[in-house]
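Work through the following exercises with the sequence and the model side by side, and try each task before reading its solution.

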Amino acid sequence: MGDRPTVATAGPDGRLRCPWALSTADMLPYHDAEWGRPVRDDRGLFERLCLEAFQSGLSWLTILRKRENFRAAFRDFEIEKVAAFGPGDVTRLLADAGIVRNRAKIEATIANAHAALDLPAGLAALAWKYADSSRSAPVTLADVPASTPAAKALSADLRRQGFRFTGPVTAYATMQACGIVDDHLATCFCRG
C-alpha cells in the first residue's frame, strides 16, 4: 500500500474512519452514511450486487461516480423493470456513456433480475442467511479479506439460482456494502 494509511485515520471532523474513506471527497459520504449499513430490501440489495458486478476489474470510485447514471439506465434497479428489459434495452445500455458499457455485465444484470424474481423468499433473505458475526473486527486493512467461506457459499448459492457475475469476491463486496458483514475497522466510528 505504500504511503497510504492502513489503520483508522482521523477525518476532517477528527473522527476515526477506515482510511479508504479519506481517499477522495466522494468516498467520505459513502463510507459514513452507506457502506456497511444493513440493507434488507430486495431492490437495495439487487442494486449493490449489480454495482459490485460492474465494478469487477475497475475501481469502486469509477462506479460510485457513475451510480446515478446506473440508476437511471437500470430504472432505479427495480427488479421487475430490469427483468422486462429486452434486446433494445441492451442496445440502449451499450450506447450509454454514463455507465460501464460491458455487454456481459449488462446481460448478467438482466439475467440476475430474472433470477431474483424466481427466489421464493427474495434476494435479501437469501443473502442475509450468510451473515457471519463471528469474525473479529479488523484492526488494519490487511485484516480485511477479499472473500470468506460465507461469501464463497453465497456465491455458489447465487450461481445455483441462475445469477451471473457473482463470484466470491463480488459476493463478499456486496456483503460488506450491505452490512451483512461489518468490515469497518475496529476503531472506525462507523463500526457496529
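**Exercise 1. Determine which residues L45 touches beyond its sequence neighbours, and place L45 in its core.**

Solution. Once neighbours within four places in sequence are left aside, L45 is in contact (heavy atoms within 4.5 Å) with V39, L123, A124, A127, W128, T174, C178 and I180. The next step is the largest nonpolar core, which has 50 residues, and L45 is listed with F70, F74 and M175 as having the most contacts inside it. Such a core is a set of buried Ala, Val, Leu, Ile, Met, Phe, Trp, Tyr and Cys residues joined through side-chain atoms within 4.5 Å, where buried means under 20% relative accessible area, exposed over 50% and partly exposed in between, with a 1.4 Å probe and protein chains only. A second, separate core of 6 residues includes A8, L141, L185 and C188.

The model is predicted: local features need pLDDT of at least 70 and side-chain atom pairs count only at pLDDT 80 or more, whereas totals for chains, interfaces and linings use all residues. Residues are numbered from 1 along each chain as its sequence is written, and side-chain values use heavy atoms, with hydrogens and water left out.

**Exercise 2. Describe how α2 and α6 pack.**

Solution. Helix α2 covers residues 42-55 and helix α6 residues 103-117, and they pack at an angle of about 155° with their axes 10 Å apart. Angles over 145 degrees count as roughly antiparallel, and α2 and α6 are therefore roughly antiparallel to each other. On the α2 side the contact involves F46, C50, A53, F54 and Q55, which meet K105, I106, T109, N112 and A113 in α6. By class, this contact of α2 with α6 has 6 nonpolar, 3 polar and 1 charged residues.

**Exercise 3. Is T109 buried or exposed, and which residues does T109 touch?**

Solution. T109 has its place in helix α6, and at 2% relative accessibility T109 counts as buried. Not counting residues up to four places away in sequence, T109 touches F46, C50, F54, F74 and V82.

**Exercise 4. Carry out the same kind of description for α8 and α9.**

Solution. The axes of helix α8 (residues 149-160) and helix α9 (residues 168-177) come within 8 Å and cross at roughly 110°. Angles of 65 to 115 degrees count as roughly perpendicular, and α8 and α9 are therefore roughly perpendicular to each other. From α8 the contact is made by A150, A151, K152, L154, S155 and R159, and from α9 by P168, A171, Y172 and M175.

Key:
Axes are lines fitted to C-alpha atoms, for helices over the stretch in contact, and angles run from 0 to 180 degrees between N-to-C directions. Helices (H or I, at least four residues) and strands (E, at least two) are DSSP runs, numbered from the N terminus. Angles under 35 degrees count as roughly parallel, over 145 as roughly antiparallel, 65 to 115 as roughly perpendicular and the rest as oblique. Ala, Val, Leu, Ile, Met, Phe, Trp, Tyr, Cys and Pro count as nonpolar, Asp, Glu, Lys and Arg as charged, and the others, Gly among them, as polar.
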